[in-house]
Amino acid sequence: MGGKTKDRRYKKTEGAILAVFFDNPNCTMRQLAKRAGVARSTIYTHHHSVREIIPDCEKIILTEYEIVVDEKLRAKKVEIRILYLDMLVLIIKNRQIFEIFLKFDDREVVMKMVLKLKPKIKESEKILRICASEITEIIFEWGKRGFAKKEVEKVLSDMMYLTVSARNRLGPIV
């Protein structure tokens, strides 16, 4: 029982740390501890530095994304369009985190999201590799405009256009 309580307390503290970090990604460890309502030593138990929080945000996003993609793939037929749309919806739902990635110019998580699709759909791995950096750039441009919900269809269209044009450039997939 002690382990479950400790686990719950750890998750609650981590949630408080991330909430403060999302509000002010430029905060110091001292400010982070004060605003999260925990001792500075507790903050250091969770993270060695403020910059280390970003990879932890990345893990949270990629885990959540993996769940979303796996749920979709339980259906017999899955289009890449549906998976891309789910990726965009996840970005909107986690807007604060993606704005931090944008601020620190960290494209890694979006690239990983795109590449996570390759083993799971009938699109060529090569097509997704070719498009991954371009799709990441499209998403970052969208982010600079504020991840507006009304733009989802435009962003999705641009991503689909890239996928189709890459398929055409590569010729028939065997």
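This is a chat about the helices, core, salt bridges and cysteines of a predicted model.

Visitor: Hi! Which residues have the most contacts inside the largest nonpolar core?

Guide: Hello! Those are Tyr84, Met87 and Ile139, in a core of 54 residues.

Visitor: And which elements give two or more residues to this core?

Guide: Helices H1 (2–23), H2 (29–36), H4 (53–73), H5, H6 (95–103), H7 (108–115), H8 and H9 do. H8 gives the largest share, with 9 residues.

Visitor: Let's take Ile139. What is it in contact with, leaving aside neighbours within four places in sequence?

Guide: Ile139 is in contact with Met87, Leu88, Ile91, Val110, Phe147 and Met159.

Visitor: Met159, okay. Which residues of H9 are buried?

Guide: Met159 is one of them. The others in H9 are Val152, Val155, Leu156, Met160, Leu162, Thr163, Ser165 and Ala166.

Visitor: What do those buried residues pack against?

Guide: They pack against two helices, H5 (80–93) and H8 (125–144).

Visitor: While we're on H9, how far does it reach from its first C-alpha to its last?

Guide: H9 covers residues 152–170, so 19 residues by the helix assignment, and reaches 27 Å. That is close to the 27 Å expected at 1.5 Å a residue.

Visitor: Switching to charges. How many salt bridges does a search of the whole structure find?

Guide: The search finds 12.

Visitor: Which residue forms one with Glu153?

Guide: Arg81 does, and the closest N and O atoms are 3.3 Å apart. This pair links distant parts of the chain, since Glu153 lies in H9 and Arg81 in H5, 72 residues apart.

Visitor: Are those two buried, partly exposed or exposed, and what are the values?

Guide: Glu153 is partly exposed, with a relative accessible area of 42%. Arg81 is partly exposed too, at 34%.

Visitor: What about Arg35, which side chain does it meet in a salt bridge?

Guide: Arg35 meets Asp23, at 3.8 Å from N to O. Arg35 is in helix H2 and Asp23 in helix H1, so this salt bridge ties together parts that are 12 residues apart in sequence.

Visitor: And how exposed or buried are they?

Guide: Arg35 has a relative accessibility of 49% and counts as partly exposed. Asp23 is exposed, with a relative accessible area of 53%. The cut-off for exposed is over 50%, which is why 49% and 53% get separate labels.

Visitor: Which side chain does Arg145 meet in a salt bridge?

Guide: Arg145 meets Glu151, with N and O at 2.7 Å. Arg145 is partly exposed at 42% relative accessibility, whereas Glu151 is buried, with a relative accessible area of 14%.

Visitor: Which residues are linked in a network of salt bridges?

Guide: Glu58, Glu108 and Lys112 are linked in such a network.

Visitor: Last topic, cysteines. How many disulfides does the structure hold?

Guide: The structure holds 0 disulfides.

Visitor: Why is there no bond between Cys27 and Cys57?

Guide: The closest cysteine sulfur to that of Cys27 is in Cys57, and it is 11 Å away, so the two are too far apart for a bond. For reference, a disulfide needs the sulfur atoms within 2.5 Å.

Visitor: Is Cys27 buried or exposed? And Cys131?

Guide: Cys27 is buried, with a relative accessible area of 4%. Cys131 counts as buried as well, at 0% relative accessibility.

How values were computed. Residues are numbered from 1 along each chain as its sequence is written. This is a predicted model: local features need pLDDT of at least 70, side-chain atom pairs count only at pLDDT 80 or more; totals for chains, interfaces and linings use all residues. Side-chain values use heavy atoms; hydrogens and water are left out. Buried means under 20% relative accessible area, exposed over 50%, partly exposed in between (1.4 Å probe, protein chains only). Helices (H or I, at least four residues) and strands (E, at least two) are DSSP runs, numbered from the N terminus. The expected span of a helix is 1.5 Å times one less than its number of residues. Contact means heavy atoms within 4.5 Å. A nonpolar core is a set of buried Ala, Val, Leu, Ile, Met, Phe, Trp, Tyr and Cys residues joined through side-chain atoms within 4.5 Å. A salt bridge is a side-chain nitrogen of Lys or Arg within 4 Å of a carboxyl oxygen of Asp or Glu.
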